[in-house]
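Thank you all for coming. I would like to walk you slowly through one model today, so please have the sequence and the structure open while I talk.

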Amino acid sequence: MSTDIWVVVDSRDGIASDASLAIVTEAATLAASCGGSVVAVVVAPDGAQVAAQAGEHGASTVRVVQGEAYAQYSTQAWTAALADLVRTHQPAAVLFAGTAIGADLAPRLAARLGIGLVSDATALSVAADGRITFTKNTLGGNLLTECVVAATPQIGTVRTGLYKKGAPTGVAPQVVVEDVPAPAPGGVQVLSFTPDSSDGEIALEDADVVISGGRAMGGAEGFDALRALAAAFGPGAAVGASRPAADAGWLPTSQEIGISGKTVSPDLYVACGISGASQHLAGMSGSKLVVAINSDPQAPIFEVADLGVVGDLFEIVPALADAVARHRG
Amino acid sequence: MKILVLVKQVPTDLGAVKLNEDHTLDRTAAGVQLNPVDKNALEAAVQLTEQLGGEVTVLSMGPATVKATLKECVAVGAHRGVAITDEAFAGSDAWATARVLAAAVRHLGGFDLVLAGKQSFDGGTGEVPVMVAELLDLPQVTGVTALEGAADALVCTQVLDGGQAKVQVALPAVVTVDEYVNTPRYPSVKSKLAANKASFDQLTNAELAVPEVGLAASGTTILSATRPPARQPGARVEGDTPAQVAENLVAALVAAHVL
Ligand SMILES: Cc1cc2nc3c(=O)[nH]c(=O)nc-3n(C[C@H](O)[C@H](O)[C@H](O)COP(=O)(O)OP(=O)(O)OC[C@H]3O[C@@H](n4cnc5c(N)ncnc54)[C@H](O)[C@@H]3O)c2cc1C
Ligand SMILES: Cc1cc2nc3c(=O)[nH]c(=O)nc-3n(C[C@H](O)[C@H](O)[C@H](O)COP(=O)(O)OP(=O)(O)OC[C@H]3O[C@@H](n4cnc5c(N)ncnc54)[C@H](O)[C@@H]3O)c2cc1C
């Protein structure tokens, strides 16, 4: 067995996902403390560009599986390729970002290898015996556990948004193009892929500041005030929603935060007109600083908020946008 | 179409789940309910059989109380329920659970489709159905938000990172659904009464013969488990006018180094 820490980097159209690059950067920190090195694994139609990005953010080696057979994500093709590489190279750990693809792929790989998997880790560390260990903050924040996979490698998915990709190192990685058997047809055929019309906005999971609105926004127009506040904070801010607001179509469902939506862990989370139901808290309890703006002084969100404002969000939010804009000049 | 739905019984109140000395969980004070998103999986199954004909079986591994959960399922359209209960399964993680469920699916046999929730309300790993798919060597589609069925294939919509994919999966397959896939129906008084009379098949490891089960078969090891310290209630930010509140809030954000 090697001491290498692998990170599976997913990509689309030659662009690595920020969520997986963030894990590469975090793994590089871990590797430095345990004497291993970070290997990014890229499965893509053409992996060169993605490999370079993985190197820029901390991978010393990149193993690439490429070819037209990998033009669209396929659980079966990816699992076969990764299982083949793991069996050949025997890494110490295989880490995934807990994105939709990570959640689809990691358990399938673990089961193919006949071992367990830790999902949704909120911190990574190295134990005295050199094993990667996972910390999980679970049961809606009621339980903190440290766990490992009983066999090797340590396979885990890491909650998105907790780590940020590092500044580019300018170091080119060693790229190894791997030869794996061609994938068998998998039974799942991609009919179409419709990209989100993000208009260049930052993804919710990658944002440093998340301004989110709940049922109290009252309609799609209500969110204009939140967009103005996000704009005042600058390009690192994104707008999210509680379930009722996303359900009503006031914001796309891709912006829903909570147990059935996205998990975010920004530096600053501003909850506007959100009561603080446990299903919502599950998606934002990792935020560093929580601000709540709510007209009901008894709202449960105030129990988790570091800073609370009791008041009408339609008065407070625009005033806050002005004050933030003035402060940032 | 013969459809199997995997349903899990979960606590209603996660805050009332207690931690035992040996890192296992004591759920006795936490109430029980059918895992919310499993209602959507069941509804999807019932709708498919209403369109295409067929039968819906619900399968649950858990303590003797899972019968109540199976009843709830029969009241909203399941035709048959199977409980897998065996003390030897205590302490199972996702991998150990998946091996028992996969053995049960094989034992029952002949399903065109296995439906499950995207994740449970308590453990919430989302691993179980995916591992079941691998153990049965079936294709999988996870986190489906819309579903159209035909006799030999399903067309599923999935929210992926950066967009929405529409995929077609050949049957048999394992499909997990999101809460957006449909709105589950409510039981009627009549269907509840009928469900009360339902009887369920029961499986133990005597029938399934899974070689390793429970804690010993688990793929993960818990090294420590603690209750995190309760978050201290934060400070109130006040002011006479919204503008003043905003100024005070900005000052607090600057002091906390987030602005
Ligand atoms: C299985 C399941 C999964 C779920 N998943 C999620 C999930 O992923 N994410 C999620 O968010 N929810 C989820 N929910 C729903 C959750 O239980 C709550 O219903 C939801 O979070 C409440 O949303 P809200 O806070 O926007 O609305 P409400 O609870 O209605 O709260 C609105 C708040 O706005 C305040 N308010 C009203 N007017 C004003 C004003 N003018 N100014 C300031 N404040 C005002 C009110 O005081 C109130 O506190 C889920 C539920 C279930 C059963
Ligand atoms: C706080 C906490 C954290 C945990 N973390 C991990 C971990 O990282 N890795 C790990 O291996 N285990 C973990 N476990 C253990 C694991 O959750 C349980 O052992 C459970 O059996 C695995 O399922 P799940 O709840 O994660 O289900 P999920 O995989 O989230 O469930 C998805 C779907 O699978 C079906 N399903 C799940 N369980 C059953 C069942 N018993 N019967 C029928 N259908 C079912 C349902 O359709 C459900 O909607 C954790 C448990 C807790 C309480």
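Please find A:Leu307, which stands opposite B:Ala235 in strand 15 of chain B. This places us where the two chains meet, since strand 18 of chain A and strand 15 of chain B pair in the parallel sense, over two bridges. What you are looking at is a predicted model, with an ipTM of 0.93 and a pTM of 0.89. For chain B the pLDDT averages 94, and 99% of the residues score at least 70.

Let us now follow the sheet outward from that pair. It is an open sheet of six strands with parallel pairing, and its order is 15(A)-14(A)-16(A)-17(A)-18(A)-15(B). Which strands form the edges? They are strand 15 of chain A, residues 237-241, and strand 15 of chain B, residues 235-236, each of which pairs on one side only. Further inside, strand 16 of chain A, residues 268-272, pairs with strand 17 of chain A in the parallel sense over five bridges, and there you can find A:Val270 standing opposite A:Val291 of strand 17. Across this part of the sheet lies helix 9 of chain A, which covers strand 16, strand 17 and strand 18 of chain A and runs at about 135° to strand 17.

Let us turn to the contact between the chains as a whole. It takes 70 residues from chain A and 66 residues from chain B. On the chain B side, the elements that give two or more residues include helix 3 (94-108), helix 4 (128-135), strand 9 (140-149) and helix 7 (242-255), and strand 15 of chain B, the one we started from, is also among them. Sorted by class, that side of chain B has 37 nonpolar, 17 polar and twelve charged residues.

While we are on chain B, you may notice that it is divided into domain 1, residues 2-217, and domain 2, residues 235-259. The centres of these two domains, taken over C-alpha atoms, are separated by 48 Å.

Next come the ligands, beginning with ligand 1. Why do we call its site shared? The residues that surround ligand 1 come from chains A and B, so the site is shared between chains. There are 30 residues around this ligand, and the closest are A:Gly214, A:Ser242, A:Arg243, A:Gly258 and A:Ser275. The elements that give two or more residues to this shell are helix 6 (243-247), helix 7 (278-281), strand 17 (289-294) and helix 9 (313-328), which belong to chain A. Helix 6 of chain A provides the largest share, three residues. By class, the shell around ligand 1 has twelve nonpolar, twelve polar and six charged residues.

Ligand 2, in turn, lies between chains A and B. It is surrounded by 40 residues, of which the closest are A:Thr138, B:Ala116, B:Gly117, B:Gly123 and B:Thr125. Among the elements that each supply at least two residues of this shell are strand 7 (118-121) and strand 9 (132-138) of chain A, together with helix 1 (36-52) and strand 8 (113-117) of chain B. Which element gives the most to this shell? That is helix 3 of chain B, with four residues, and helix 3 of chain B also gives two or more residues to the side that touches chain A. By class, the shell around ligand 2 has 17 nonpolar, 17 polar and six charged residues.

Key:
Residues numbered from 1 in each chain as written. Chains lettered and ligands numbered in written order. Predicted model: local features only at pLDDT ≥ 70, side-chain atom pairs only at ≥ 80, totals over all residues. Near = placed C-beta within 6 Å. Nonpolar A, V, L, I, M, F, W, Y, C, P; charged D, E, K, R; others polar. Domains from an automatic or database assignment. Pairing = 2+ DSSP bridges. Contact = placed C-beta atoms within 7 Å. Axes fitted to C-alpha atoms, helices over the stretch in contact; angles between N-to-C directions. pLDDT = per-residue confidence, 0-100.
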